[in-house]
Amino acid sequence: MKLTVLVDNNSLIDKYYYAEPALSFFIEADGKKILFDAGYSDLFIKNAEKLGIDLTETDIVALSHGHNDHTWGLNHLIQYYDVMSLIKENKMIKPDLVAHPFTFLPKKIGRSTVIGNILSDSVLSECFNLKLTSEVIKITDNLFFLGEIDRNNDFEAKKPVGRFYKDGSWKPDFILDDSALVYKSEKGLHIITGCSHAGICNIVEYAKKVCGENRIVSIIGGFHLLEPSKKQLDGTLKYLKESGVEKVFACHCTDLKSKIELSKVVNIVELGSGVCIEFNS
């Protein structure tokens, strides 16, 4: 499996790629090319071009959840596909789009701040083969979309983030659409997250359950540890220390204090736009 960071909050020294407070990964696994999240703007496309990655060859677009820093880049991706279809004379893949059914519901914080998807179902259906499900999906031989994550501990995912609109009313949004990917290798699991609104520990536990595997090789992505409560941070540190995870690539929505605390119990590896991670197994 090969994972390239198309967009992260950070850009590392000597990399010189664009960064924004958002996330997008390009994953190559089992002969398939997967775009995991699309950032906030078109920066992931610009970085992909600089990296020599052809996004028109994407087989699957998988979305971690419906927030703007992970989905608004889809608008730019559709425009990019439109232009490239003329250049390639319409000889292009129509990617599958895998996401939880709540991903494209209207979302907002406060009375007017829109933080959810801005594309209609009809536009999305024209451009992608929609596969919206809360169930686990096997998207390559060894890569799974986890669907709706079980939430079983007492220190994560306890507060809503804004509201979502469904069945005629606005409801507190506990972001049930928050999902993740897991790659099952010979050595154990590689867990790939977007924001971990479901809780990074809940996600790891669910991935272990889905794959029937307790060994964790790596965790890559946002941990949603932004000024976390003491209970959440302590619970996360205790869990990860006991997990035996080999490497942790905490990025995007993980603040500096949390990274420092994580570094005391696990092997933290810095991540940023343009970084490529390759695992042989």
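Where is the place of Glu227? Glu227 sits in the loop that runs between β15 (216-222) and α6 (230-243), with helices (H or I, at least four residues) and strands (E, at least two) taken as DSSP runs and numbered from the N terminus. The model is a predicted one, so to speak with conditions attached: local features need pLDDT of at least 70, side-chain atom pairs count only at pLDDT 80 or more, and totals for chains, interfaces and linings use all residues. Residues are numbered from 1 along each chain as its sequence is written, and side-chain values use heavy atoms, with hydrogens and water left out.

Back to the loop. Glu227 is not a glycine, yet its phi is positive, at about 50°. Its relative accessible area is 75%, which makes Glu227 exposed; here buried means under 20% relative accessible area, exposed over 50%, and partly exposed in between (1.4 Å probe, protein chains only). Tyr16 also has a positive phi, about 60°, without being a glycine. Tyr16 belongs to the loop between β1 (2-7) and β2 (24-29), and counts as exposed because its relative accessibility is 56%.

Now for the chain as a whole. Its secondary structure adds up to 7 helices and 17 strands. The C-alpha trace spans about 55 × 50 × 35 Å along its principal axes. The radius of gyration is 18 Å, which agrees with the value near 19 Å for a compact globule of 281 residues; this radius is taken over C-alpha atoms, and the globule rule is 2.2 Å times the number of residues to the power 0.38. Of the 281 residues, 55% are buried. Contacts (heavy atoms within 4.5 Å) reach well along the sequence: among those with a separation of 6 or more, 72% come from residues 24 or more positions apart.

As for the surface, the chain exposes about 12500 Å², and carbon and sulfur atoms supply 50% of that; the areas come from the Shrake-Rupley method with a 1.4 Å probe, and for residues only the protein chains shown count as cover. There are 33 positive and 38 negative charges, and their mean positions are 4 Å apart. In this count Lys and Arg are positive, Asp and Glu are negative, and His and the chain ends are not counted; each charge is placed at NZ of Lys, CZ of Arg, CG of Asp or CD of Glu.

Disulfides, meaning pairs of cysteine sulfur atoms within 2.5 Å, number 0 in a search of the whole structure. Cys195 is in no disulfide, and the nearest cysteine sulfur, that of Cys253, is 3.4 Å away. Likewise, Cys253 is in no disulfide, its nearest cysteine sulfur being that of Cys195. Cys195 is buried, with a relative accessible area of 3%, and Cys253 counts as buried at 5%.

Two further residues fill in the picture. Asn47 lies in helix α1 (residues 43-51) and is buried, with a relative accessibility of 0%. Beyond its neighbours within four places in sequence, Asn47 contacts Leu6, Val7, Tyr17, Tyr18 and Ser273. Lys32 lies in strand β3 (residues 32-36) and is partly exposed at 36% relative accessibility. Residues up to four places away in sequence aside, Lys32 touches Ile27, Asp59 and Thr140. The C-alpha atoms of Lys32 and Val248 are separated by 24 Å, the two residues being 216 apart along the chain.
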